[in-house]
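Colleague: Got a minute to go through this model with me? I'd like to hear the reasoning behind the labels.

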Amino acid sequence: MPAPLPAPAHLRTDRLLLRRWDPADPDDVDFLFDTYSRWDVQRFIGRVPRVMERRDEALARAEAWAAPPDGAPYGVWAATLASDGARLGSVLLKSIPASGPTEPLEPSGDVEVGWHLHPDAWGHGYATEGARAVLAAGFDACLDRVVAVTHPENLASQAVCRRLGMTALGLSDAYYNATCALFEIVRMSE
Ligand SMILES: CC(C)(COP(=O)(O)OP(=O)(O)OC[C@H]1O[C@@H](n2cnc3c(N)ncnc32)[C@H](O)[C@@H]1OP(=O)(O)O)[C@@H](O)C(=O)NCCC(=O)NCCS
């Protein structure tokens, strides 16, 4: 298999511009803090969900997300409206850790797609539109299969998976030492 290509820094869809988060932009950091300090956003994220409590956590996240790993088609993009640049949330394509006995967890070798929108941006199809673009970029960059893990009660996220054409594989303990409703999508052969 050819080596994967790095992910593009910018992706354009009908309504969205996906771009890198910028830790030097205070509005990016404020937006991340506003988003991840909300229980509505965090309640289904992580094995032990917790809201962000300090702005410097948002800054650290922007710094980490501004620089994706070299040579991998991964990224955490800021989803923005192409028309006016309004920030909507994050769309992710990343290596997913396997369940295991030691922290930090080891990579599973699989890749996950994810979405975290500010509540003001829910209900417009933006998560699905952004995720479709990062999946296409991942498949263009030679990925064969991408998974999504959702909290079993996160019906909104599972609906995104279905809109994307992902296949429901049922409950799984394979990742994050958590029981998740697992979805997958495979690259269509040409
Ligand atoms: C999960 C999450 C991204 C889903 O957001 P969402 O806005 O419901 O998902 P989409 O972007 O696919 O939008 C679909 C909704 O927009 C509506 N919509 C409106 N205009 C639309 C358009 N032009 N195109 C498509 N859908 C449109 C759809 O009808 C649907 O609404 P419905 O669920 O009431 O029927 C959001 O709830 C979220 O960020 N939650 C917090 C973080 C989280 O849990 N992330 C997942 C972790 S696994």
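Colleague: What makes the pair Thr-150 and Gln-158 a polar contact between side chains?

Modeller: This is a predicted model, so keep that in mind throughout. The side chains of Thr-150 and Gln-158 are joined at 3.2 Å, and the cut-off for a pair of N or O atoms is 3.5 Å, so the pair counts as a polar contact.

Colleague: Where does Thr-150 lie, and why is Thr-150 called buried?

Modeller: Thr-150 belongs to strand E6, residues 145-150. Its relative accessible area is 3%; buried means under 20%, so Thr-150 is buried. Setting aside residues up to four places away in sequence, Thr-150 touches Ser-157, Gln-158, Cys-161, Cys-180, Ala-181 and Phe-183.

Colleague: On to Arg-145. Why is Arg-145 put down as partly exposed?

Modeller: Arg-145 is found in strand E6 as well. Its relative accessibility is 30%, and partly exposed covers what lies between 20% and 50%, so the label follows. Beyond its neighbours within four places in sequence, Arg-145 is in contact with Asp-110, Val-111, Phe-139, Leu-169, Tyr-175, Glu-184, Ile-185 and Val-186.

Colleague: Which of those side chains makes a polar contact with the side chain of Arg-145, and how do you know?

Modeller: Glu-184, at 2.5 Å between the side chains. The limit is 3.5 Å, so the pair qualifies. As for Arg-61, that residue is 84 residues from Arg-145 along the chain, and their C-alpha atoms are separated by 26 Å.

Colleague: And Asp-144: where is that residue, and is Asp-144 buried, partly exposed or exposed?

Modeller: Asp-144 lies in the loop between H4 and E6. With a relative accessible area of 42%, Asp-144 is over the 20% limit for buried but does not pass the 50% needed for exposed, so it is partly exposed. The side chain of Asp-144 has a polar contact of 2.8 Å with that of Arg-187. Asp-144 and Ile-185 are 8.6 Å apart, C-alpha to C-alpha, with their positions 41 residues apart in sequence.

Colleague: Now the ligand. Which residues come nearest to the ligand?

Modeller: Of the 20 residues around it, Trp-115, Leu-117, Gly-123, Ala-127 and Thr-128 come nearest.

Colleague: What makes you count polar contacts from the ligand to Leu-117, Trp-122 and Thr-128?

Modeller: Distance. A ligand oxygen is 2.8 Å from a polar backbone atom of Leu-117. For Trp-122, a ligand oxygen is 3.2 Å from an N or O atom in the side chain. For Thr-128, a ligand oxygen is 2.4 Å from a side-chain N or O atom. The cut-off is 3.5 Å, so these distances count as polar contacts.

Colleague: How much of the ligand does the protein bury?

Modeller: Taken alone, the ligand exposes 950 Å², and the protein buries 67% of that. The space taken by the ligand is the largest pocket. Strand E5 (107-117), helix H4 (126-140), E6 and helix H5 (155-163) are the elements giving two or more residues to the shell around the ligand. H5 gives the most, with 4 residues.

Colleague: Back to Thr-128, then. Why is Thr-128 called buried?

Modeller: Thr-128 lies in helix H4, and its relative accessible area is 7%. That is under 20%, so Thr-128 is buried. Leaving out neighbours within four places in sequence, Thr-128 is in contact with Val-160, Arg-163 and Leu-164.

Conventions: Residues numbered from 1 in each chain as written. Predicted model: local features only at pLDDT ≥ 70, side-chain atom pairs only at ≥ 80, totals over all residues. Heavy atoms only, no water. Buried < 20%, exposed > 50% of the residue type's maximum accessible area, 1.4 Å probe, protein only. Polar contact = N/O pair within 3.5 Å; in protein donor to acceptor, adjacent residues only side chain to side chain. Contact = heavy atoms within 4.5 Å. Near = heavy atom within 4 Å. Areas by Shrake-Rupley, 256 points an atom, 1.4 Å probe, with all protein chains shown as cover. 1 Å grid on protein atoms, 1.4 Å probe; cavity = no way out; pocket = protein on both sides within 12 Å on 5 of 7 lines; lining within 4 Å. Sits in = over half its atoms within 2 Å of the grid points.
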